[in-house]
Amino acid sequence: GKEDMLARYDFLQEFLKQSKQFGALRRESEGKTVTFALANLARNAGFSDTNRFTWSMETEKMAALAPYLQPIRIGEVELCVSVDEQGIASLRVEKNGKTLKSVPASLKKDETVVKCKEVLKSLKDQYKRARASLEQAMVSEAAFSMPELTELTRHPVIQPLLRDLVFTCAEGIGYLRDGALVDVAGARIEVRPDAALLIAHPVHLYESGKWSDFQRDIVKGQVKQPFKQVFRELYRPNADELASKTISKRYAGHQIQPNKTVALLRGRGWTVSYEEGLQRVYHAENVIGHIYALADWFSPADVEAPTLEEVHFTHRKTGKLLPFDEIPPVIFSEVMRDVDLVVSVAHVGGVDPETSLSTIEMRAVLVAEMLRLMKLDNVSIKGTHAHIAGKLGDYTVHLGSGQVHKMASGAVHILPVHAQHRGRIFLPFVDEDPRTAEIISKITLLAEDKKIKDPNILEQLRG
């Protein structure tokens with residue numbers, strides 16, 4: 001029965017959430033346990049895969065919570081669990097027409113109040129699960145049908161997430177609107193009910209030839225996607241990799257911090273073992289991505305930090321090396337993106353600004369679109385730097401590190417954007433990216449250097 005399925009599904013999700021407080025080995029073990037349990041539950045419930053079962057359960061949960069999305073009166077106080085346009089739930093409390101910051105102390109133990117808080121917690125958990133699940137669906141190229149997506153759009157938490165994503169199918173590529181796709185020009189693309197729709201990965205956007213159009217449209221509309229999709233970094237095999245066929249030396253020689261590396265990659269689906277080192281397994285495609293380095297991933301490596309050697313792919317069943325032109329493009333891009341993240345974040349010397357070339361390319365596009373909207377014509381992007389012709393001098397800002405230099409004067413020290421002010425800088429994705437916000441704020445500041453009031457910055461600019 002549905003109630004039994006929902007109870008079991010809730011139990012598994014709560015079990016998975018609570019496992020995060022334990023160590024890495026227990027988290028990994030309990031995570032696998034939940035994966036198998038969900039697969040068994042989905043199969044016994046008659047679903048073809050776990051994803052469809054998960055979305056069905058989330059929709060069923062919403063039906064049970066719907067009554068609490070309407071105002072509920074308790075004496076003079078009115079409670080209502082509301083979901084904003086981004087899909088984030090909050091509890092609204094009013095008394096005599098005035099909004100209160102919190103529930104009055106006298107009502108905190110009231111059964112209705114307690115239930116409203118449980119509903120609020122459930123909706124927030126749903127939002128987090130939906131975001132992670134949609135991103136995983138994009139990476140795994142999971143197919144949806146239009147009826148399935150239409151059903152999901154009735155969910156107040158999931159609908160805002162789907163609204164801002166780009167979908168692709170045989171008929172075309174665009175945003176999901178009223179049972180069809182709509183491209184950047186506003187043209188409606190009718191989709192067959194049995195068509196397979198994918199959440200477009202940058203691989204698909206690149207192949208469509210409309211990637212820049214969607215980037216421009218997202219920035220122009222001030223749209224914040226639930227995760228990096230349109231501005232996600234894309235990695236493709238380079239000439240050296242295609243020549244070697246199976247071994248990538250793209251990141252060879254970079255020293256990394258083992259503890260940080262393991263922590264980063266474990267959260268992104270990688271496993272660490274004495275025998276195999278770092279690897280990410282794609283069961284459906286029978287592909288395993290490997291990162292090889294002369295390192296002991298289970299020790300502090302106090303003597304010398306490990307150095308990356310190579311990245312390669314093997315067949316899951318035969319163990320043979322796979323040539324790069326046989327690797328699904330999305331898998332290749334995601335594995336290289338993970339390695340790039342490690343080299344950028346867990347580098348021994350801190351952030352290595354020269355490495356994340358794809359990140360720099362994405363920032364260059366984002367900066368160009370922001371400048372066009374702000375009508376600033378004294379900034380140009382050349383390679384890894386933004387060149388600014390200001391009134392008080394000419395400057396460069398590195399798109400990787402955010403370092404500022406004034407021509408013929410040297411480095412200019414400008415404090416980065418603080419966390420509490422980060423919301424003032426628009427970024428087209430919900431994911432935290434303080435470095436991008438810092439770089440954009442520095443470029444816009446220096447482009448209008450005549451308006452700067454800070455005496456420390458002015459002293460440096462005037463020399």
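In this predicted model, histidine 387 sits across from threonine 396, a residue of strand β17. That pairing is a handy way into a small stretch of the chain built around β16. Strands β16 and β17 (residues 394–398) run antiparallel and are joined by five bridges. The two make a hairpin with four residues between them, and glycine 393 in the turn shows a positive phi of about 155°.

On its other side in sequence, β16 has another partner: β15 (residues 379–382) also pairs with β16 in the antiparallel sense, this time over four bridges. Here lysine 382 faces histidine 385 of β16. Just two residues lie between β15 and β16 in their hairpin, where the turn holds glycine 383 with a positive phi of about 65°.

What do the side chains of β16 do along residues 385–389? They alternate: Ala386 and Ile388 point to one face and are buried, whereas His385, His387 and Ala389 point to the other face and are not buried.

Stepping back to the whole chain, the secondary structure adds up to 14 helices and 19 strands. The radius of gyration is 25 Å, close to the 23 Å that the globule rule gives for 463 residues, so the chain is as compact as a globular protein of that length. Its C-alpha trace spans about 70 × 65 × 50 Å along the principal axes. Of the 463 residues, 45% count as buried. Among contacts between residues at least 6 apart in sequence, 63% link residues at least 24 apart.

As for the surface, the chain exposes about 23700 Å², with carbon and sulfur atoms supplying 52% of that area. The chain carries 61 positive and 61 negative charges, whose mean positions lie 5 Å apart.

Key: Residues numbered from 1 in each chain as written. Predicted model: local features only at pLDDT ≥ 70, side-chain atom pairs only at ≥ 80, totals over all residues. Heavy atoms only, no water. Rg over C-alpha atoms; globule rule 2.2 N^0.38 Å. Buried < 20%, exposed > 50% of the residue type's maximum accessible area, 1.4 Å probe, protein only. Contact = heavy atoms within 4.5 Å. Areas by Shrake-Rupley, 256 points an atom, 1.4 Å probe, with all protein chains shown as cover. Lys, Arg positive; Asp, Glu negative; His and termini not counted. Charge placed at Lys NZ, Arg CZ, Asp CG, Glu CD. Pairing = 2+ DSSP bridges.
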